[in-house]
Amino acid sequence: MENAIYVKDLVREYDVAKSREKGGKSVLQALKGISFEVNKGEIFGLLGPNGAGKTTTIKILTTMLTSTSGEARVLGYDVNRHEKELRNHINFIFGGERGLYWRLSARDNLMYFSDLYRLDRKTRTKRVPELLEMVGLADRADEKVERYSKGMKQRLQIARGLINDPKVVFLDEPTLGLDPIGARELKGIIKELKSLDKTILLTTHYMLEADELCDRIAIIDKGEIKALDTPDKLKKLNANMSVIEVTTIGISGQAIEELKLVNGVQLVNVQDMDQQQQLQIHCESPSMVVQGVLGVLSQFKVIDMCIREATLEDAYVKLVEGKE
C-alpha cells in the first residue's frame, strides 16, 4: 500500500538553558529517532501523554518545525527541503477556538482563507458553500462566529482546514472541550473525510475516540514509539489481563505501594476524582488477587468494586506507565 507519510529515525532536539548557578545549556530530546508510516486513505492515531512528542511530530510534518536529524516525507515531499510545494497539499486543524476570526461570519472566514490559498474565483465560489453544507453550517453561514457554540466553531475549523482540498489532514485533538453531541457530530465529519479519500493523522487523549476512528494507532511516550498497531491488536496486548476497578476515599500513598506488591498485580493506576480515588488494578487472575487487594483496602472506605476486561485505554496505560 502506498505511503502518504513516511518517517524514519526522526530526531528533534532543543537547547534548554540551565540554572544560573550551573550556566550553559543542556539538550532536550523531544523525539528520539521515531519511525512510522501512514498509508494513503488511512486514519492514523498518534496517542501519548502531554510532553510525549505528539505536537513536535505534527509541527515537523506540517513544515512548521525542522527536524534535527532523520527523514520525514509527506506525499513524497521532504518536509525540510520541499515545504513550499508540500503546503498546498496539506492542512492542519487544531482543537479549541483558535484560528478563526470571530467578528467575521463563517462564510467570510472561508472566503478569507481561500484568498490566502490563492483559489480562483470559480473554485472559491463553488467550494465555500459546499464546505459549509458538509459541516452543517449552511443555514448559519452569515452569522458572526462569536455567536457560535464551541461545536459550531470546531466544525468551521474543519471547513477551514479543507479549503485548499488537502490530500493529508492533520487533526490535533479536534474534539477538545466539546460536549458529547458536538463530539459525535465532529467524529461523523471525520469519517466522511475518510470516505473522500483523505489521509488523516489524528492526535487525541480520548481512547474511545481513537478506538472508534483510527485504522492504526502509534503510542508515543518520552519521544519514543512504544507500540504501533490496529486498535484491536493493541487491546490484545492485554488479552489475558483483567482490571479490578475500585472506587475509594482517602487511600494513602503507602497503601497504593502495598497494592503494587500484592501477588499477581502487574500495575496500579490511580485517578483522583475530587475526594474519591479510582484504582485500576491490572492482573491476570482477579479471583486470586481480590483477597489481597481487600486486605490492603480494609482500613479505607470502599464505595464500589468491579472486575472488567481490559480496554484500549488499559493497553495505553500499561505501555506508558507500566511494565512493558
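**Exercise 1. Pair two residues across a hairpin.**
Task: Find the bridge partner of Arg73 in strand 5.

Solution. In strand 5, Asp78 is the bridge partner of Arg73. Keep in mind that this is a predicted model. Next, take Val74: its bridge partner in strand 5 is Tyr77. Now step back to the strands. Strand 4 covers residues 69-74, and two bridges join it to strand 5. The two strands run antiparallel. Finally, look at the turn. Strand 4 and strand 5 make a hairpin, with two residues between them. Leu75 sits in that turn and has a positive phi of about 55°.

**Exercise 2. Build the sheet.**
Task: State the strand order of the open sheet of four strands, and name its edge strands.

Solution. The order is 2-1-4-5, and the pairing is antiparallel. The edges are strand 2 (25-39) and strand 5 (77-78). Each edge strand pairs on one side only. Then check an inner pairing. Five bridges join strand 1 to strand 4, and these strands run antiparallel. Within strand 4, Arg73 stands opposite Tyr6. Arg73 also has Asp78 as its bridge partner in strand 5.

**Exercise 3. Place a helix on the strands.**
Task: Which strands does helix 1 lie across, and at what angle does it run to strand 2?

Solution. Helix 1 spans residues 54-61. It lies across strand 1 (3-17), strand 2 and strand 4. Its angle to strand 2 is about 65°.

**Exercise 4. Classify ring pairs.**
Task: Decide whether the rings of Phe36 and Phe44 are stacked or edge-to-face.

Solution. Start with the count: the structure holds five aromatic pairs. The centres of the Phe36 and Phe44 rings are 5.3 Å apart, and their planes stand at 10°. Planes under 30 degrees apart count as stacked, so this pair is stacked. Both residues are buried: Phe36 has a relative accessible area of 3%, and Phe44 has 0%.
Now contrast Phe92 and Phe94. Their ring centres are 5.6 Å apart, with planes at 85°. The cut-off for edge-to-face is over 60 degrees, so this pair is edge-to-face. Phe92 and Phe94 are buried as well. One aromatic cluster is made of Tyr101, Tyr112 and Phe113.

**Exercise 5. Find charges over rings.**
Task: Which ring lies under the charged end of Lys153, and which residue lies over the face of Phe94?

Solution. The charged end of Lys153 sits over the ring of Trp102, 3.5 Å from its centre. Over the face of Phe94 lies Arg160, at 5.4 Å from the ring centre.

**Exercise 6. Map the cores.**
Task: Which residues touch the most other members of the largest nonpolar core?

Solution. This core has 47 residues. Leu110, Leu156, Ile158, Leu171, Ile200 and Ile217 touch the most other members. Follow one of them. Leaving out residues up to four places away in sequence, Ile158 touches Ile93, Val135, Leu171, Leu186 and Ile189. Another core, of 27 residues, lies apart from the largest one; its members include Ala52, Leu61, Leu86 and Val168.

**Exercise 7. Test a helix residue.**
Task: Is Val296 buried or exposed?

Solution. First, locate Val296: it lies in helix 10 (residues 286-297). Its relative accessibility is 11%. Buried means under 20%, so Val296 counts as buried. Next, list its contacts beyond four places in sequence: Ala255, Glu258, Leu259 and Val262. Last, take Val262. It is 34 residues from Val296 along the chain, and their C-alpha atoms are separated by 8.7 Å.

Technical notes: Residues numbered from 1 in each chain as written. Predicted model: local features only at pLDDT ≥ 70, side-chain atom pairs only at ≥ 80, totals over all residues. Heavy atoms only, no water. Pairing = 2+ DSSP bridges. Contact = heavy atoms within 4.5 Å. Axes fitted to C-alpha atoms, helices over the stretch in contact; angles between N-to-C directions. Phe/Tyr/Trp six-rings, centres within 6.5 Å; stacked < 30°, edge-to-face > 60°. Buried < 20%, exposed > 50% of the residue type's maximum accessible area, 1.4 Å probe, protein only. Lys NZ or Arg CZ within 6 Å of the ring centre and 35° of its normal. Core = buried A, V, L, I, M, F, W, Y, C linked by side-chain atoms within 4.5 Å.
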